[in-house]
Structure formats: structure tokens, C-alpha cells
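I set out to record, entry by entry, what I looked up in this structure. The entries concern burial, aromatic pairs and charged side chains.

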Amino acid sequence: NSSLASEEGSTSLEPESFIIVMTGAGLSTAAGIPDFRSEDSGLYSRIKKDSSFDLPSPESIFHIDYFKQNPLPFVKLAQELFPGRFNPTKSHFFLRLLQEKGLLIRLYTQNIDGLERRAGILDEKLVEAHGSFHGARCVECSSDADMQVVKETILKGSVPTCSECNCLVKPNIVFFGEALPPRFQQKSNEDFPKCKH
């Protein structure tokens with residue numbers, strides 16, 4: 001219900017308005033993070049041009065079955081993608097302003113870069129539909145892993161393994177072949193019926 005009033009040529013939200021925001025790669029490209037599919041500058045295009053990745057297809061780097069066979073290409077890419085190298089944009093801070101004004105019901109993002117968190121969006125307001133680098137778990141037994149240890153291991157170019165079963169560990173990014181996080185379905189069922197327009 002984000003109806004707008006424009007009496008004097010300005011636009012303002014009505015007091016009972018609330019906002020649900022859905023974002024994707026375009027929000028973070030201004031921070032210097034490439035999107036996935038742009039022909040010349042996208043992540044997949046860059047991976048395809050870099051023979052050191054040695055993948056059947058650029059998308060394989062984010063496929064759970066391929067990761068289980070050969071995690072090293074993802075480890076190489078994750079070294080570049082780990083949060084901390086990029087800063088939130090003005091758009092991210094605008095979303096935080098909506099939160100501070102009590103207007104933001106929820107922010108749904110496809111981005112895995114964590115810039116929403118760095119901008120100050122609270123966990124309760126955030127749904128990371130494709131996961132993020134905020135946590136990590138074992139791909140076999142699903143045990144949570146110490147994210148600091150996972151990050152240090154990946155930044156050294158090594159593959160993190162589970163302290164419980166010694167299988168592969170990856171950040172909580174949703175790969176092809178994996179389900180979206182349960183929070184996505186739970187919160188979308190709760191939030192979207194509130195939208196009337």
C-alpha cells in the first residue's frame with residue numbers, strides 16, 4: 001500500500017503506507033560488483049574468458065553438484081566476492097532510511113554481497129533470497145560452520161571442511177540445485193498479502 005499524494009507537486013507517502021522492496025544485481029553494480037549476465041562485464045562473461053577456472057560452463061561455478069566434485073573454482077571466485085572489499089551505495093543507504101522512518105516492512109534481495117547488512121539493514125527486515133556470505137554450513141550434514149574460519153580458509157585458497165563429518169563447507173549462498181532459504185517462503189507468505197495495490 002504505497003499510495004502517493006501529490007498536492008503541491010511533491011510526492012509523499014501517506015502515514016499508513018508501508019513498503020516492501022525487492023532488489024537484484026542493479027543495486028550493487030554502482031558499488032563495483034559485476035552483475036552475473038552482462039555480455040561484456042558480467043561475472044559469467046569474465047569466468048568464461050578466464051581459462052584458469054576450467055569449467056564446463058560459467059554457471060557450473062554455482063552448481064551444487066559441480067561444487068561437490070570440484071570446489072576449487074568457487075573458492076577462487078569467493079576470494080574476490082567475500083564481503084569487505086565493496087561499500088554500500090547511496091541506494092543501500094536510502095533503504096536504511098526507509099527502515100529508520102518505520103516504512104520498510106521487508107527488503108527482499110537476490111544479492112549475495114551483504115551490502116544491505118553493511119548499510120545497516122536489520123536481520124528482521126532482510127530476506128536474502130539467494131543466501132549470502134553471512135554464514136556457512138556443511139553441504140552434507142548441514143552443520144553450521146564458523147564463518148571466520150571458513151573465510152580465512154577460502155582466502156588462503158583452500159577448501160573449508162566440516163568439523164563434524166569432514167565434508168565440504170560453503171557459504172550460505174543458494175547454488176543451482178538447492179532450495180531457496182525457508183525464510184523466503186515464510187516471509188513472502190506473511191508480507192505480500194499486505195500489498196493492496
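The entries below follow the order in which I consulted the model, which is a predicted one.

**Entry 1. Helix α7**

I began with helix α7, residues 147–155, and asked which of its residues are buried. I found Met147, Val150, Thr153 and Ile154. They lie on the same side of α7, because the arc they cover around the axis is only 125 degrees. I then looked up what covers these buried residues; the cover includes α4 (72–81), β6 (131–138), β7 (144–145) and β8 (169–173).

I also inspected both ends of the helix. At the start of α7, Asp146 places a side-chain oxygen within 2.9 Å of the backbone nitrogen of Gln148. After α7 comes Gly157, and I noted that its phi is positive, near 85 degrees.

**Entry 2. Asp113**

Next I turned to Asp113, which I located in the loop between β4 (104–109) and α6 (115–119). How far away is the nearest side chain of opposite charge? That side chain is Arg118, at 8.7 Å; Asp113 is buried and has no salt bridge. A salt bridge would require a nitrogen of Lys or Arg within 4 Å of a carboxyl oxygen, so the distance to Arg118 does not qualify.

I therefore checked which polar partners the side chain of Asp113 has. Its side chain makes a polar contact with the side chain of Ser28 at 2.6 Å, and it reaches the backbone nitrogen of Leu115 at 2.9 Å. Setting aside neighbours within four places in sequence, I listed Ser28, Ile33 and Pro83 as the residues in contact with Asp113.

**Entry 3. Ser142**

I looked up Ser142 and found it in the loop between β6 and β7. Is Ser142 buried or partly exposed? Its relative accessibility is 45%, so Ser142 counts as partly exposed. I also recorded its separation from Cys165: 23 residues in sequence, and 9.9 Å in space from C-alpha to C-alpha.

**Entry 4. Aromatic pairs**

I searched the whole structure for aromatic pairs and obtained ten. One of them joins Phe67 and Phe175; the ring centres are 5.6 Å apart and the planes stand at 90 degrees, so I entered the pair as edge-to-face. This pair links distant parts of the chain, with Phe67 in helix α3 (residues 64–69) and Phe175 in the loop between β8 and α8 (182–191), 108 residues apart. Phe67 is buried at a relative accessible area of 3%, and Phe175 is buried at 2%.

I then examined Phe82 and Phe133, whose pair is tilted: 4.7 Å from centre to centre, with 50 degrees between the planes. This pair likewise links distant parts of the chain, as Phe82 is in the loop between α4 and α5 (90–100) and Phe133 is in strand β6, 51 residues apart. Phe82 counts as buried at 3% relative accessibility, and Phe133 is buried at 5%.

I finally noted one aromatic cluster, formed by Phe36, Tyr44, Phe62, Phe67, Phe74 and Phe175.

**Entry 5. Salt bridges**

The search for salt bridges across the whole structure returned eleven. I looked up three of these in detail.

Lys68 forms a salt bridge with Glu140, with the closest N and O atoms 3.6 Å apart. Lys68 is in helix α3 and Glu140 in the loop between β6 and β7, so the pair ties together parts 72 residues apart in sequence. I recorded Lys68 as partly exposed at 38% and Glu140 as partly exposed at 47%.

Glu128 forms a salt bridge with Arg117, the closest N and O atoms being 2.9 Å apart. I placed Glu128 in strand β5 (residues 126–128) and Arg117 in helix α6, eleven residues apart. Glu128 counts as buried at 12% relative accessibility, whereas Arg117 counts as partly exposed at 23%.

Glu190 forms a salt bridge with Lys187, at 3.3 Å between the closest N and O atoms. The two are three residues apart in helix α8, so about one helical turn separates them. Glu190 is partly exposed at 36%, while Lys187 is buried at 13%. I closed by noting that Arg106, Lys187, Glu190 and Asp191 are linked in a network of salt bridges.

Note on methods
Residues numbered from 1 in each chain as written. Predicted model: local features only at pLDDT ≥ 70, side-chain atom pairs only at ≥ 80, totals over all residues. Heavy atoms only, no water. Buried < 20%, exposed > 50% of the residue type's maximum accessible area, 1.4 Å probe, protein only. Helix = DSSP H or I, 4+ residues; strand = E, 2+ residues; numbered from the N terminus. Arc of directions from axis to C-beta. Contact = heavy atoms within 4.5 Å. Polar contact = N/O pair within 3.5 Å; in protein donor to acceptor, adjacent residues only side chain to side chain. Lys, Arg positive; Asp, Glu negative; His and termini not counted. Phe/Tyr/Trp six-rings, centres within 6.5 Å; stacked < 30°, edge-to-face > 60°.
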